[in-house]
Amino acid sequence: MEILEVKNLTKTYGKGESLIKAADSISFTVPKGQMAAVVGASGSGKSTLLHIIGGVEKPESGNVLVNGTDVYSLSEKELAAYRRTKVGLIYQFYNLLPILNVSDNITLPTFMDEKKPDEKRLAELLELLGLSDRASHLPSQLSGGQQQRAAIARALFSSPDILLADEPTGNLDSKSSEEIITLLRTTSEQLGQTMLIVTHDEKIAARCDRIITVSDGRIVGDEVTS
Amino acid sequence: MKSTASLAMKYLKYMKRQTIFSLLSITAAVVVITFIFTAVSTIFVCCKNIEYAKNPWHASVYAEGFTDEALNAVKNSEDIENIEKIGENNYVLRYKTDVYDCYKATDNALKNAGCTVDDYGKIFSKTGTSVTYYLNDSLLFFEQVGHIAKANMVTLLAMIYIVILVIIFFGRFVIDTAFEISSKERSRQFAVLRSVGASKRHIIGIILHESVYLSVIAIPLGMLLGVGASWVVYEMVKSAGFFEAFAQFTVDTSTIAEFSVSPLFLIIAALTCFVWVLLSAYATAARVNKSSITATIRVDAEAVKLPKKAAKNQKPKTAKHITLKLALKNVTRNKKRFAVSVVSISLSMILFTSFAYFTQTGKASAEAFINLSAYDFSADINIGMIAEEDTTIPPKLEADLAGSGMFTDIQPVLYLFGDIAEPPVSDDASALINGSLSCRVMFVNENTYNMITGSNPPVPYQTLADENKTVDVNFCHIGREKVRILDLDDMSSVSINCDYYEKSNTPEYTEDENGNKEQYYPTVWLNEALSFDIAGVCDTALAEYKSSPYTFTLIAAEPNTERYNKYLSCHGEYIHFNLIDGADNDSAEAVLGKIGESYDRFSFENYYLQRKSANDTLFSVKLIGYSLIILISLIAIINAVNTIVTGILNRRREFAVLKSLGMTKSGAVRLVTVECALYAAISGIIALAVSGLLLLLTSQSMNMMLVDGTTLASVVSYGELVPYALITIPAAFVICLIAAVIPLRIIGKASIADEIRQF
């Protein structure tokens, strides 16, 4: 079953000579539970693609269907709800809110929905991501790896249809990078979580089920790894 | 709602510096607004008290033949609270507070007393004599009795409120800037919130909740401080004798001075502030929601902008050159931040300049008003006479005054009786006052003129002629009749068309009831064109001639004593002198009375109390003005400091990177010094232009205001105000520099690595 369908996405920046095609009629699908990597050189349009799927950057044309829902046919309010519940975003620089402790950061999307956070789910994620003893710590009291694990937990907390990670290990040392990619792999396998990971790192790409290669806003390679 | 409220509270707790700055900004704005509202309330109450102290009744009735029965009938009328007899056929009454139409109420009450009304609405008493009454509109207005008073009050309050709104408009920028800067610091955090699902409503909710929490603290605090500041100013004004001057010594001031805090005004002030805070918060939230999530989240968002053209090969720069270049790039690369900072600092400068200007103008106008409409305040006491006979001041009089030991600065002066500055009375007259130089013509006996000034006038006529100056001429009096200047073209003489009267040489006769004839010499009005040579020109520096604030006084000397006495007899000589410091005015009056017995042809005029009250009024004007300037300056400084501090702290990461590349602390200080100088210079130019425009507009509007025929603008020197505007540039530079160096020191204490990692 295809959880993500991307159809003819187009997105450009700049004008005239400085025109950059970040997405040039990109189309692909991702089945449920697949862990896919998007690779490519800097400026090839990987992050833009991720942001468009994540509902934070509008395409000029094309469609993004997540679990059958056309993301950009949603109203502003529905799009915000989509970001809260259907998709989980992980950034290179973690982007945790410094004013909230780890637990509050993880439950933030639920908090926005005025719902009581699922304590059991929180405990499970903290346990899974090795943050049980850091739950009440502020982001500034954590290492880079720990902050990124908290960001992953936040992305997973709403059990999103798809988890999107933009260079999740780009700001980490090799040991922490290894921990994070193992964690993502484990999560994908244990929870059946669909993931799309933008990365430069070939080792990380090799751990994914599929590698989509992007260049100048177009898909130039799409292979399933062994 | 719960989530946004909770997050807002967390932000306020976490971001202590921004919270304190926002609190200070809102508090400062509220202080000013409360101060103004409390001042208005206090002035209203004091005016009411003064009116009540003078005339504690609403209407005065003159009715002949009113009996006790009629009086009771009036008293028992529906809208009448009380009526009292204060003299023969004179009565005063007070209405009930809920009366609608005072005229109708009075008419009805008089009808109840048996009075009749004819077809023209004229009222007659039972005896057939006309009954008249008039309303004490001032007291009715201040006590808010009757619909006319209420309507007038609403109109006045609306006008005051518009003026206050204009002031608040400037205050709002302070609040707006505080929210804008605070939200800019958190722009990435808001973008993250939006990326994890926060809707626009959530963002608006968070910022609005913050504004509500801040208001809960800042508005009561600001109001408390505002009321406190008003009370301090009130006490100072009171002790300065302002109320005595205001009431012109007619009533007991202990009953009129009353500090008033109107709950209604406070509620209006609080609501106004709260609405502004909410508007600022909403506008900020709207700006946050408009920004792109991805662009804001990207750490190096500012650095990814590609140059349009490849840079040409450039020569290596010196260290100073690089600092300047870097500073220039820093102030201009983020155009929004640059615009916010420049607008914010410019507004601070405009606020200061404008209020300094208004204070200066207010002071000068008050002085001008007093000079134009009141007495000659160049000295406490005048002794003089109408120069119908001998105008010479006896030397013995001077000696007697000096010998009393109570007076000082005794000097002979020329003095013009009556108020010569009158509004133009015809179109022809207005054509005479379109020049660039104001003057009056003072006619003096040549001998007197020479005695006092010597033969050389302070500013010779030739000087004026060489400078090609034109002369404004107002109507003035000669022999207490209006005259008109006919010709000043060559400026060497002045021609006047003089109406005067004299007794006819031809006798006439009247006849009484018994047919007896009586001879008399009738008064004959004559008109004669007279010319006088201009002997000299006095400028205002010559204080003894400055009985009104004209720029120049032409001296038209008349050598012919007979003609002088005939036509110009209302002018005379005076002795001006002051009470010595600490002398008692009552004792001085007694001494003057005793001296006066020997000089009965002279009049003794003691202006000591009026002069004191005028000076007290001026002091109060200055006090209120400078208090406002201090408050406005505080707002302006908070605004500028907030802008700069936040701007620098927003660049923590950038400074850390520069430090990691080898920039020293002094290098960083040099960089911000250049930036602050650029901000101050650019803001200063904008502020000067805007302030200049404001000054020009105000000056133009003042030109339209006439007091006794003279525009107030002519006595307010435009040039004196320029230093106020110019002083803001170095002041802004120093304030910005201090505001920049403090956060730099804070940044300097943190580790470079932490700062670079800083979210």
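In the predicted model, Asp104(A) is partly exposed, with a relative accessibility of 28%. The side chain of Asp104(A) meets that of Lys10(B) in a salt bridge, with an N to O distance of 3.5 Å. Because Asp104(A) belongs to helix α3 of chain A (residues 102-106) and Lys10(B) to helix α1 of chain B (residues 2-14), this pair joins two chains. Lys10(B), at 29% relative accessibility, likewise counts as partly exposed.

Over all chains, the structure contains 13 salt bridges. Within chain A, Glu178(A) and Arg207(A) form one of them through their side chains, at 2.9 Å from N to O. Glu178(A) is located in helix α7 (residues 174-191) of chain A, whereas Arg207(A) occupies the loop between α8 (202-206) and β9 (210-215), so the salt bridge ties together parts of the chain that are 29 residues apart in sequence. Glu178(A) is partly exposed, its relative accessible area being 41%; Arg207(A) is also partly exposed, at 27%.

A further salt bridge is formed by the side chains of Asp209(A) and Arg185(A), with an N to O distance of 2.9 Å. Here the loop between α8 and β9 of chain A contributes Asp209(A) and helix α7 of chain A contributes Arg185(A); the pair links distant parts of the chain, 24 residues apart. The burial of the two partners was also determined. Asp209(A) has a relative accessible area of 23% and is partly exposed, while Arg185(A) is buried, with a value of 15%. In addition, a network of salt bridges links Lys21(A), Asp24(A) and Arg218(A).

At the level of the whole chain, chain A comprises eight helices and 10 strands. Of its 226 residues, 54% are buried. When contacts in chain A between residues at least 6 apart in sequence are considered, 71% of them join residues at least 24 apart. The exposed area of chain A is about 9,600 Å², of which carbon and sulfur atoms supply 47%.

Aromatic contacts were examined next. The structure holds nine aromatic pairs over all chains. One of these, between Phe44(B) and Phe141(B), is tilted, with 6.5 Å between the ring centres and 40° between the planes. Phe44(B) lies in helix α2 (residues 16-54) of chain B and Phe141(B) in helix α5 (residues 137-143) of chain B; the pair therefore ties together parts that are 97 residues apart in sequence. Both residues are assigned to the buried class: Phe44(B) has a relative accessibility of 15%, and Phe141(B) one of 16%.

Tyr103(B) and Tyr133(B) form another tilted aromatic pair, at 6.4 Å centre to centre and with 45° between the planes. This pair connects distant parts of the chain, with Tyr103(B) in helix α4 (residues 102-112) of chain B and Tyr133(B) in strand β6 (residues 130-135) of chain B, 30 residues apart. Tyr103(B) is partly exposed, its relative accessible area amounting to 39%. Phe44(B) and Phe141(B) also belong, together with Phe142(B), to one aromatic cluster.

Finally, cysteine residues were considered. The structure contains zero disulfides over all chains. Cys208(A) is buried, with a relative accessible area of 2%, and Cys273(B) is buried, with a relative accessible area of 2%.

Terms used. Residues numbered from 1 in each chain as written. Chains lettered and ligands numbered in written order. Predicted model: local features only at pLDDT ≥ 70, side-chain atom pairs only at ≥ 80, totals over all residues. Heavy atoms only, no water. Disulfide = S-S within 2.5 Å. Buried < 20%, exposed > 50% of the residue type's maximum accessible area, 1.4 Å probe, protein only. Phe/Tyr/Trp six-rings, centres within 6.5 Å; stacked < 30°, edge-to-face > 60°. Helix = DSSP H or I, 4+ residues; strand = E, 2+ residues; numbered from the N terminus. Contact = heavy atoms within 4.5 Å. Areas by Shrake-Rupley, 256 points an atom, 1.4 Å probe, with all protein chains shown as cover. Salt bridge = Lys/Arg side-chain N within 4 Å of Asp/Glu carboxyl O.
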